[in-house]
Amino acid sequence: MKLPHIHTPRCTGCGWCVAACPPGVLSLQVVVWRKHAVLHDEQGCTGCSQCERRCPFGVITMVKTPQPAKPEA
Ligand code: SF4
Ligand code: SF4
């Protein structure tokens, strides 16, 4: 499973990633008086990487998260 890491200081708040996210788990929020993209629902993120591809400034990097425990396949 991968989750987007948003490098907040470089985010311009343009909102492209928010518009690109199919389940709508990204939003623009004010962080220290500037608008930035925030992943507000990690559980709802499908790891599709659309946000990473869409960001014009390379602010988003998909990072691997530890696998949740699941039965052996
Ligand atoms: S990886 Fe996909 S689901 Fe997750 S925040 Fe980015 S666009 Fe949304
Ligand atoms: S597309 Fe990139 S710069 Fe624009 S709001 Fe999203 S993370 Fe920030």
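Mentor: Before we start, accessible areas here come from the Shrake-Rupley method with a 1.4 Å probe. Also keep in mind that this is a predicted model. Okay, fire away!

Trainee: What area does the protein chain expose, and what share of it do carbon and sulfur atoms supply?

Mentor: The area exposed by the protein chain comes to about 5000 Å². The share supplied by carbon and sulfur atoms is 56%.

Trainee: And how much of the chain counts as buried?

Mentor: A residue is called buried when its relative accessible area is under 20%. The protein chain has 73 residues, and the part of them that counts as buried is 30%.

Trainee: In which order do the helices and strands follow each other along the sequence?

Mentor: Start with the parts list: the protein chain has two helices and four strands. Its C-alpha atoms fill a box of roughly 45 × 25 × 20 Å, taken along the principal axes. Read along the sequence, the pattern is β-α-β-β-α-β.

Trainee: What share of the contacts with a separation of 6 or more comes from residues 24 or more positions apart?

Mentor: Contact here means heavy atoms within 4.5 Å. Among the contacts in the protein chain with a separation of 6 or more, residues 24 or more positions apart account for 56%.

Trainee: How far apart are the mean positions of the positive and negative charges?

Mentor: The protein chain carries 8 positive and 4 negative charges. Take the mean position of each group, and the two points are separated by 12 Å.

Trainee: On to the ligands! Which residues come nearest to ligand 1?

Mentor: Around ligand 1 there are 15 residues. They divide into 11 nonpolar, four polar and no charged. The ones that come nearest are Cys-21, Cys-45, Cys-48, Ser-49 and Cys-51.

Trainee: Which residues are closest to ligand 2?

Mentor: The shell around ligand 2 holds 13 residues. Of these, 10 are nonpolar, three are polar and none is charged. The closest are Cys-11, Cys-14, Gly-15, Cys-17 and Cys-55.

Trainee: Let's stay with Cys-14. Is Cys-14 buried, partly exposed or exposed?

Mentor: Cys-14 sits in the loop between strand S1 (2-6) and helix H1 (16-20). Beyond four places in sequence, Cys-14 touches Pro-56 and Phe-57. Its relative accessibility is 40%, so Cys-14 counts as partly exposed.

Trainee: Phe-57 is one of those partners of Cys-14. How far apart are the C-alpha atoms of Cys-14 and Phe-57?

Mentor: Along the chain, Cys-14 and Phe-57 are 43 residues apart. In space, their C-alpha atoms are separated by 9.8 Å.

Trainee: Next, Val-18. Which residues is Val-18 in contact with, leaving aside neighbours within four places in sequence?

Mentor: Val-18 has its place in helix H1. It counts as partly exposed because its relative accessibility is 25%. Its contacts beyond those neighbours are Leu-26, Ser-27 and Leu-28.

Trainee: What about Val-38: which residues does Val-38 contact, again leaving aside neighbours within four places?

Mentor: You'll find Val-38 in strand S3. With a relative accessible area of 21%, Val-38 is partly exposed. Its contacts are Ile-6, Val-25, Leu-26, Ser-27, Gln-29 and Val-31.

Trainee: How far is Val-38 from Thr-8, C-alpha to C-alpha?

Mentor: In sequence, Val-38 and Thr-8 are 30 residues apart. C-alpha to C-alpha, the distance is 8.4 Å.

Trainee: What phi does Val-32 have?

Mentor: Most residues other than glycine have a negative phi. Val-32 lies in the loop between strand S2 (26-31) and strand S3 (34-39), and it is exposed because its relative accessibility is 64%. Val-32 is not a glycine, yet its phi is positive, about 50°.

Trainee: And Ser-49: is Ser-49 buried or exposed?

Mentor: Ser-49 is in the loop between S3 and helix H2 (50-54). Ser-49 also has a positive phi, about 70°, although it is not a glycine. Its relative accessible area is 14%, under the 20% cut-off, so Ser-49 is buried.

Trainee: Last one: which residues is Cys-48 in contact with, leaving aside neighbours within four places in sequence?

Mentor: Cys-48 lies in the loop between S3 and H2. At 32% relative accessibility, Cys-48 counts as partly exposed. Its contacts beyond those neighbours are Pro-22 and Arg-53.

Methods
Residues are numbered from 1 along each chain as its sequence is written. Chains are lettered from A and ligands numbered from 1 in the order in which they are written. This is a predicted model: local features need pLDDT of at least 70, side-chain atom pairs count only at pLDDT 80 or more; totals for chains, interfaces and linings use all residues. Side-chain values use heavy atoms; hydrogens and water are left out. A residue is near a molecule or strand if one of its heavy atoms lies within 4 Å of it. Ala, Val, Leu, Ile, Met, Phe, Trp, Tyr, Cys and Pro count as nonpolar, Asp, Glu, Lys and Arg as charged, and the others, Gly among them, as polar. Buried means under 20% relative accessible area, exposed over 50%, partly exposed in between (1.4 Å probe, protein chains only). Lys and Arg count as positive and Asp and Glu as negative; His and the chain ends are not counted. The place of a charge is taken as NZ of Lys, CZ of Arg, CG of Asp or CD of Glu.
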